[in-house]
Amino acid sequence: MGKNIIVAIDGYSSCGKSTLAKALAKKLHYIYVDSGAMYRAVALYFLRNNVDTHNHEQIEQALKNIHLNFHSRDYETHITLNGEEVSEEIRQMPVSEKVSEVSALKEVRREMVKQQQRMGQSKNIVMDGRDIGTAVFPDAPIKIFMTADPAVRAQRRYDEIHHKNPDVTLEDIFENIAHRDYQDTTREESPLVRAKDAIILDNTNLTPDDQLQFALDKVEQFKG
């Protein structure tokens with residue numbers, strides 16, 4: 001496929017974007033970049049340090065003190081925040097409830113986009129998020145926009161985290177997803193929107209294997 005190929009996967013929360021992106025990267029032998037984990041790590045830092053999201057000076061200072069790194073084990077991507085492994089903690093409800101607010105901040109998005117674009121300058125990557133095909137890599141040759149029925153998304157998310165957080169309810173998850181959808185699609189800075197040339201992937205009734213094959217078929221079309 002040549003050098004510096006970028007596969008951009010965008011879509012709503014809890015649509016399985018990271019599941020698809022990781023599987024696709026493994027199949028293609030590309031690097032997987034979890035952009036959502038970056039925003040979650042920033043949200044975690046803001047929560048821990050009581051950063052006022054209405055105070056631009058605090059936000060700018062916080063971003064100077066946030067150092068994110070990815071490392072991979074067995075095609076599983078792990079993220080560190082200032083040297084601390086936080087891959088599990090960033091998936092907990094407090095961060096889920098904060099991440100859309102934090103990721104809507106223009107200072108945060110601009111800093112993360114800079115970091116993401118640097119990652120795509122010299123490597124073949126698969127990156128998933130909310131604005132990868134629109135703001136981060138608008139010229140990516142392969143763009144996929146994922147969606148699914150909100151009730152299905154809520155159930156999937158509940159099944160994923162319930163054993164780690166038994167106090168969470170399906171209703172909590174559904175409300176969180178609805179709230180994040182609203183924030184993601186209405187924010188001023190890089191709102192969630194399908195790129196005009198993105199392929200829609202509705203995986204409401206698809207298995208992980210089904211959606212992987214769908215994506216691989218699209219990549220094969222590009223190669224051909």
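1. Let's start with β7 and β8. In this predicted model, strand β7 (residues 142-147) pairs with strand β8 (residues 199-202) in the parallel sense, and four bridges join them. If you want a spot to look at, find M146, which stands opposite L201 in β8.

2. Now look at the other partner of β7. Strand β1 pairs with β7 as well, again in the parallel sense, over five bridges. Here G11 is the residue that stands opposite M146 in β7. So M146 is a handy landmark: it has G11 across from it, and it also has L201 in β8 across from it.

3. How well covered is β7? Six of its six residues are buried, and the strand is described as mostly covered. Try colouring by side: I142, I144 and M146 point one way, while K143, F145 and T147 point the other way. Residues on both sides are buried, and that includes the lysine, K143.

4. Strand β1 (residues 6-11) tells a similar story. Six of its six residues are buried, so β1 is largely enclosed by the rest of the structure. On one side you have I6, A8 and D10, and on the other V7, I9 and G11; both faces are covered.

5. β1 has another neighbour to trace. It pairs in the parallel sense with strand β6 (residues 125-129), over five bridges. I6 has I125 as its bridge partner in β6.

6. Stay with I6 for a moment. Why does I6 count as buried? Its relative accessibility is 8%, and the cut-off for buried is under 20%. Leaving aside neighbours within four places in sequence, I6 is in contact with G120, I125, F137, A140, P141 and I142. Two of those names should ring a bell: I125 is its bridge partner in β6, and I142 belongs to the set in β7 that points one way along with I144 and M146. For a sense of scale, I6 and L20 are 14 residues apart in sequence and 14 Å apart in space, C-alpha to C-alpha.

7. Next, I132, which sits in helix α6 (residues 132-136). Is I132 buried or exposed? It counts as buried, because its relative accessibility is 0%. Not counting residues up to four places away in sequence, I132 touches A8, I9, D10, S35, Q116, M127, F137 and P138. Among these, A8 and D10 are on one side of β1 and I9 is on the other. I132 and H162 are 30 residues apart in sequence, and their C-alpha atoms are 29 Å apart in space.

8. E107 deserves a second look. This residue lies in helix α5 (residues 106-119). It is buried yet has no salt bridge. Which side chain of opposite charge is nearest to E107? That is K106, 5.6 Å away, and a salt bridge has to fall within 4 Å, so this pair does not make one. Leaving aside neighbours within four places in sequence, the contacts of E107 are H56, I59, E60 and L63.

9. Finally, the largest pocket. About 1000 Å³ of space lies inside it. Of the 46 residues that line this pocket, S18, T19, R91, R157 and E160 are the closest to its centre. Helix α2 (residues 35-48) gives the largest share of the lining, with five residues.

How values were computed. Residues numbered from 1 in each chain as written. Predicted model: local features only at pLDDT ≥ 70, side-chain atom pairs only at ≥ 80, totals over all residues. Heavy atoms only, no water. Helix = DSSP H or I, 4+ residues; strand = E, 2+ residues; numbered from the N terminus. Buried < 20%, exposed > 50% of the residue type's maximum accessible area, 1.4 Å probe, protein only. Lys, Arg positive; Asp, Glu negative; His and termini not counted. Contact = heavy atoms within 4.5 Å. Pairing = 2+ DSSP bridges. 1 Å grid on protein atoms, 1.4 Å probe; cavity = no way out; pocket = protein on both sides within 12 Å on 5 of 7 lines; lining within 4 Å. Points joined across faces, edges and corners; volume = space filled by probe spheres on them.
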